[in-house]
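This briefing is meant to be read with the sequence and the coordinates open side by side. It moves from a single residue to the whole chain, then to the cores, one helix and some backbone details.

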Amino acid sequence: MSNHQRNEQELIRIDKLRELRELGINPYPESFDKTHTTAEILAGFVDEAPEPLSNVRVAGRIMSMRKMGKASFCHIQDMHGRLQIYLKQDDLGSTYENLRLFDIGDIIGIEGFVFRTRMGEVSVHAKTVTMLTKSITPIPVGKEEVHEDGSVTRYDAIADKEQRYRKRYLDLIANHDIKDTFIKRSLIIRAMRRFFDDRGYLEVETPILQPIYGGATARPFVTHHNALDIPLYLRIADELYLKRLIVGGFEGVYEISKNFRNEGMDKTHNPEFTAMEIYVAYKDYWWMMDMTEELLSTIVSESCGSTTVEFQGTTLSFARPFHRAKMFDLFAEHTGMNLRGLSREELLAAARSLEVDVDPKSSAMKILDEIFSVKVQPHLIQPTFVIDYPVEMSPLAKAHRTEKGLVERFELFVMGKEVANAFSELNDPLDQRDRLEDQSRIRAAGDDEAMVVDEDFLNAIDVGLPPTAGMGMGIDRLVMLLTNNDSIRDVLFFPQMRPEKTDTTDSQD
């Protein structure tokens with residue numbers, strides 16, 4: 001036995017484990033042949049025709065137990081729900097006596113027949129009970145308070161949200177409805193894949209470890225490859241590799257990927273996140289705007305059953321068309337100022353007059369972006385395409401066909417948060433080189449989130465990128481909106497957390 005410290009309840013359960021083994025009962029058998037889930041039993045039972053469920057095998061974790069002399073009840077829980085089990089001494093014989101060694105949290109298998117109790121609850125009358133996993137650590141169990149009017153108040157088994165994130169396995173056991181969020185997440189991604197696949201776009205994979213990071217303005221995570229003795233970076237975006245594939249002759253590619261950005265954490269940012277990027281040759285940002293509307297309307301309809309969803313008390317409509325507004329028109333509307341064409345110094349003065357806190361050393365791009373995030377974004381509640389950005393904010397977007405100093409770019413905002421970002425992709429090789437070299441100068445001036453020059457990518461653009469529309473979408477933020485969660489941690493199974501202090505680390509402080 002290891003030196004791991006056990007509490008009193010765990011030691012009692014370990015004693016029960018030993019006793020089970022002494023009785024010849026294997027507390028961890030290799031398998032159990034299920035015939036039904038709890039949901040299938042609850043949905044399939046018919047009082048007038050119980051025969052189809054006269055012999056079922058179901059398994060799950062014990063969530064409650066009531067031992068009452070020669071007959072007892074327990075509830076088991078599987079992935080699909082909870083089910084009552086009726087345990088009778090006359091049917092189970094010596095196994096019934098061994099129930100004293102069973103605890104809440106144990107996983108058991110039941111064989112028996114389905115019936116309805118006098119209280120009206122569909123249950124399984126157990127003929128055999130098999131221990132499948134003896135639980136050593138007790139699980140948290142929620143409590144219910146029944147009021148005089150018959151209403152019920154349920155209290156979470158784990159009230160501390162931080163512990164729910166750290167020990168998601170306990171959260172999923174104790175708060176069964178949490179599973180619904182992650183099931184819907186899977187449905188959202190599945191609907192997205194089906195949408196693209198049905199239109200003939202190819203799902204691809206590009207490198208996570210990259211010698212040069214790019215495709216976004218963000219700070220990367222750095223690692224080291226021992227065999228090659230070179231630094232490598234975890235990707236911050238897929239864009240530059242996916243564009244290489246368009247250069248290579250593919251006309252529609254997409255990737256659903258993990259990206260990594262070494263930056264702050266808040267309700268909408270996690271250092272590891274999921275994004276989708278798609279690139280389609282011979283299209284522009286107007287086409288991509290229409291396609292994005294169709295994509296989201298389809299996803300919301302398929303995963304939520306309607307094009308409207310409730311988010312934190314606000315009804316959001318994803319019915320087409322979405323609102324569209326030019327960026328500088330929104331600046332004028334919400335700041336009362338014309339910010340187009342201003343120098344860095346003029347933008348800095350504007351930010352100060354608007355009481356927007358910015359670093360005095362920030363680039364014009366960063367200042368403008370900060371004014372937008374503080375003064376404009378909070379007003380973009382319903383799905384809104386913000387279009388036609390200044391070139392300084394979009395080093396990979398094509399110059400606007402009619403508006404000098406702007407680029408053909410849109411971002412989609414919902415509830416004041418960016419959900420998607422798209423361009424008519426820049427395919428002029430000379431303009432692209434100039435823009436990345438400008439980014440390099442901005443970086444040298446102190447902005448460590450500015451892009452770096454990727455010579456291989458520039459060489460690919462020299463070879464020839466056809467007219468292309470590209471779009472990236474944040475999967476986590478989309479899932480937040482469609483599951484009514486206001487924190488990214490609630491839609492990630494295992495969000496990034498600061499490590500808990502242990503007794504060892506405490507003693508070393």
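Leaving aside its neighbours within four places in sequence, which residues is F113 in contact with? In this predicted model, the residues that F113 touches beyond that window are L53, S54, S123, V124, H125 and K127.

**F113 and its surroundings**

- F113 belongs to strand 4, which covers residues 107-116, and with a relative accessibility of 28% this residue counts as partly exposed.
- One of its contacts is S54, and although F113 and S54 are 59 residues apart along the chain, their C-alpha atoms are separated by 4.4 Å.

**The chain as a whole**

- The protein chain contains 16 helices and 20 strands, and its C-alpha trace spans about 85 × 60 × 50 Å along the principal axes.
- Of the 509 residues in the protein chain, 47% are buried, while the accessible surface comes to about 25,500 Å², with 50% of that area belonging to carbon and sulfur atoms.
- When contacts between residues at least 6 apart in sequence are considered, 64% of them join residues that are at least 24 apart.
- The protein chain carries 62 positive and 83 negative side chains, and the centres of these two sets lie 4 Å apart.

**Nonpolar cores**

- The largest nonpolar core has 45 residues, and the members that touch the most other members are M192, F196, I278, M471 and M473.
- Helix 9, residues 285-304, supplies the largest share of this core, with 8 residues.
- A second core, separate from the largest one, consists of 44 residues, including M365, I367, V386 and V407.
- Once neighbours within four places in sequence are set aside, I278 is in contact with F196, Y201, V253, Y254, M288, M291, A469, G470 and M471; F196 and M471 in that list are also, like I278 itself, among the members of the largest core that touch the most others.

**Helix 14**

- In helix 14, which runs over residues 455-464, the buried residues are F457, L458, A460 and I461.
- Viewed down the axis of helix 14, these buried residues fall within an arc of 155°, and therefore they line one face of the helix.
- The elements that cover the buried residues of helix 14 include helix 8 (239-247) and helix 13 (429-444).

**Backbone details in loops**

- Most residues other than glycine have a negative phi, and most peptide bonds are trans, which is the background for the next points.
- The peptide bond joining R320 and P321 is cis, with omega at about 0°, and P321 is found in the loop between strand 15 (314-317) and strand 16 (323-326).
- D229 is not a glycine, yet it has a positive phi of about 55°; this residue lies in the loop that connects strand 10 (222-225) to strand 11 (230-234).
- The relative accessible area of D229 is 56%, and because exposed means over 50%, D229 counts as exposed.
- M415, also not a glycine, has a positive phi of about 50°, and its place is in the loop between strand 18 (406-414) and strand 19 (417-424).
- At 22% relative accessibility M415 counts as partly exposed, because this value falls between the cut-offs of under 20% for buried and over 50% for exposed.

Technical notes: Residues are numbered from 1 along each chain as its sequence is written. This is a predicted model: local features need pLDDT of at least 70, side-chain atom pairs count only at pLDDT 80 or more; totals for chains, interfaces and linings use all residues. Side-chain values use heavy atoms; hydrogens and water are left out. A nonpolar core is a set of buried Ala, Val, Leu, Ile, Met, Phe, Trp, Tyr and Cys residues joined through side-chain atoms within 4.5 Å. Buried means under 20% relative accessible area, exposed over 50%, partly exposed in between (1.4 Å probe, protein chains only). Helices (H or I, at least four residues) and strands (E, at least two) are DSSP runs, numbered from the N terminus. Contact means heavy atoms within 4.5 Å. Accessible areas come from the Shrake-Rupley method with a 1.4 Å probe; for residues, only the protein chains shown count as cover. Lys and Arg count as positive and Asp and Glu as negative; His and the chain ends are not counted. The place of a charge is taken as NZ of Lys, CZ of Arg, CG of Asp or CD of Glu. The arc is that of the directions from the helix axis to the C-beta atoms.
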